[in-house]
Amino acid sequence: MIRTKARGNRPTPGRARARARRRLGRTEARRLGRSRQRLRRLLALGLPTAWGAVAITYKLACPLAQQNGLGARIVTCAVFFAVGTGLVLHVRRGLLRELRQIRRVAGAAQGVLLRPLPPSVDGLNIAAAQVSADRGASVGGDLYEVIGTEHGVRIVMGDVRGHGLAAIGTVAAVLGSFREAVHDEPELPGVLRKLERAMARHLRERAKAEHPSSGLDPDNPVAEEFVTVLLLEIGHDGETRALNCGHPWPYLLRADGGPAEAGGRGRRRVEHLGLGDPLPPLGVFPLPAELPVVRCGPLLPGEALFLYTDGVEDARDSAGRFFPLHAALSEATRTHPTAPQAVLGKVFTQLLAHADGFPTDDVALLILASGRTQIPAPYREQVATPL
């Protein structure tokens with residue numbers, strides 16, 4: 001039996017030949033790749049060498065280059081100008097090739113950090129947009145994420161102190177912690193505690209890297225870094241709960257107005273949800289022992305939540321006037337009720353026009369529109385016109 005088993009595990013001649021061909025193919029591919037790299041290096045060095053050889057040969061061997069007449073000097077200048085232009089174009093082409101490669105790598109890395117959101121999650125239609133204050137960067141100090149979990153759809157919108165590329169490390173720390181905590185923590189306060197610990201670890205690591213001998217320096221900018229965070233949880237029944245750490249409260253958008261709801265909340269088309277004083281931002285002070293979850297009511301069909309960072313309202317025009325966000329939302333919902341992509345495009349276009357095409361701070365917008373059909377019984381009579 002042992003001999004039979006050993007003989008059965010022994011590869012057949014056909015399999016051995018196939019494996020040999022695969023190994024040979026991989027070897028040939030690696031050899032071809034190395035040959036191409038050597039050829040690129042030779043071309044990169046050979047072309048400037050050829051241009052230089054042409055210039056030197058002309059200067060030393062061409063009789064025209066030895067003459068002092070005006071025509072000879074003009075021809076000599078033209079030759080050296082052509083050589084110099086060729087060298088400059090060659091260097092420029094190489095730099096542009098490297099720049100395109102760097103941009104592809106940076107775009108892939110930034111896409112993993114702030115990945116594109118799906119068009120819908122668990123019955124919620126989603127649209128999001130953001131722009132960094134640093135030209136050429138697709139990610140800045142603003143962050144957002146929407147994840148469907150067994151506890152409901154959980155959303156984070158945040159804004160790191162500062163803007164641009166310098167804030168990306170903090171964005172990565174907060175988003176990484178959020179993506180894990182939303183699945184592990186059954187309650188929203190537990191998610192916020194995880195974010196606070198992740199922020200504290202990030203600040204300690206940065207402090208050690210910048211001041212390895214003395215730890216956190218009170219005068220160091222790391223000591224003043226913080227992030228505002230808005231956590232939302234939209235349950236399977238549409239009930240919305242929130243925890244706010246120094247972030248702007250969202251707007252509630254409706255397809256139409258109407259009479260006042262039960263509890264006295266008017267049914268205006270655009271309503272700012274000022275739901276009390278927020279908690280302190282993460283990184284400034286420790287969170288209190290009790291984290292009271294704010295109940296925002298249900299998100300009904302025909303309604304949408306508009307989340308944003310303070311870079312939206314702080315955007316100024318050439319006269320120094322702030323961006324009128326409420327008026328922009330009213331105009332957008334008048335022409336496109338609460339369709340997420342349409343409202344987002346309208347507001348974002350108005351924002352860029354107001355800021356002359358480029359805001360001075362990072363900007364992030366996120367719209368969550370209810371596309372669900374199952375509404376809790378207490379709210380069925382209050383449902384607005386479906387999307």
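Residues are termed buried when their relative accessible area is under 20%. The structure shown in the following views is a predicted model.

**View 1. Strand S10 and the burial of its side chains.** In S10, 6 of the 6 residues are buried, and the strand is mostly covered. Glu303, Leu305 and Leu307 project to one side of S10, whereas Ala304, Phe306 and Tyr308 project to the other, and all are buried. In a regular strand the side chains alternate between the two faces of the sheet.

**View 2. The neighbours of strand S10 in the sheet.** S10 pairs with S7 in the antiparallel sense over 4 bridges. Within S10, Glu303 stands opposite Arg254. S10 is also joined to S11 by 5 bridges, and these two strands run antiparallel. Here Tyr308 has Leu365 of S11 as its bridge partner.

**View 3. The open sheet and its edges.** Six strands form an open sheet in the order S1-S2-S11-S10-S7-S8, with antiparallel pairing. Strand S1 (120-121) and strand S8 (270-272) are the edge strands, each pairing on one side only. At the S8 edge, strand S7 (residues 251-254) runs antiparallel to S8 and is joined to it by 3 bridges. Leu252 is placed opposite Glu271 of S8.

**View 4. Helix H8 on the sheet.** H8 packs on the sheet and touches S7, S8 and strand S10 (303-308). The direction of H8 makes about 20 degrees with that of S7. S8, one of the strands touched by H8, is also an edge strand.

**View 5. Helix H9 across the sheet.** H9 lies across strand S2 (124-131), S7, S10 and strand S11 (363-370). The helix runs at about 20 degrees to S2. Among the strands that H9 lies across are S7 and S10, which are also touched by H8.

**View 6. The crossing of helices H8 and H9.** The axes of helix H8 (residues 325-335) and helix H9 (residues 340-354) come within 9 Å and cross at roughly 140 degrees. Because of this angle, H8 is oblique to H9. The crossing in which H8 passes H9 is right-handed.

**View 7. Residues at the contact of H8 with H9.** From H8, the residues Leu325, Ala328, Leu329, Glu331 and Ala332 meet Val343, Lys346, Val347 and Gln350 of H9. Sorted by class, this contact holds 6 nonpolar, 1 polar and 2 charged residues.

How values were computed. Residues are numbered from 1 along each chain as its sequence is written. This is a predicted model: local features need pLDDT of at least 70, side-chain atom pairs count only at pLDDT 80 or more; totals for chains, interfaces and linings use all residues. Side-chain values use heavy atoms; hydrogens and water are left out. Axes are lines fitted to C-alpha atoms, for helices over the stretch in contact, and angles run from 0 to 180 degrees between N-to-C directions. Angles under 35 degrees count as roughly parallel, over 145 as roughly antiparallel, 65 to 115 as roughly perpendicular and the rest as oblique. A crossing is left-handed if the near helix is turned anticlockwise from the far one by less than a right angle, and right-handed if clockwise. Contact means heavy atoms within 4.5 Å. Ala, Val, Leu, Ile, Met, Phe, Trp, Tyr, Cys and Pro count as nonpolar, Asp, Glu, Lys and Arg as charged, and the others, Gly among them, as polar. Two strands pair if DSSP finds at least two bridges between them. Buried means under 20% relative accessible area, exposed over 50%, partly exposed in between (1.4 Å probe, protein chains only).
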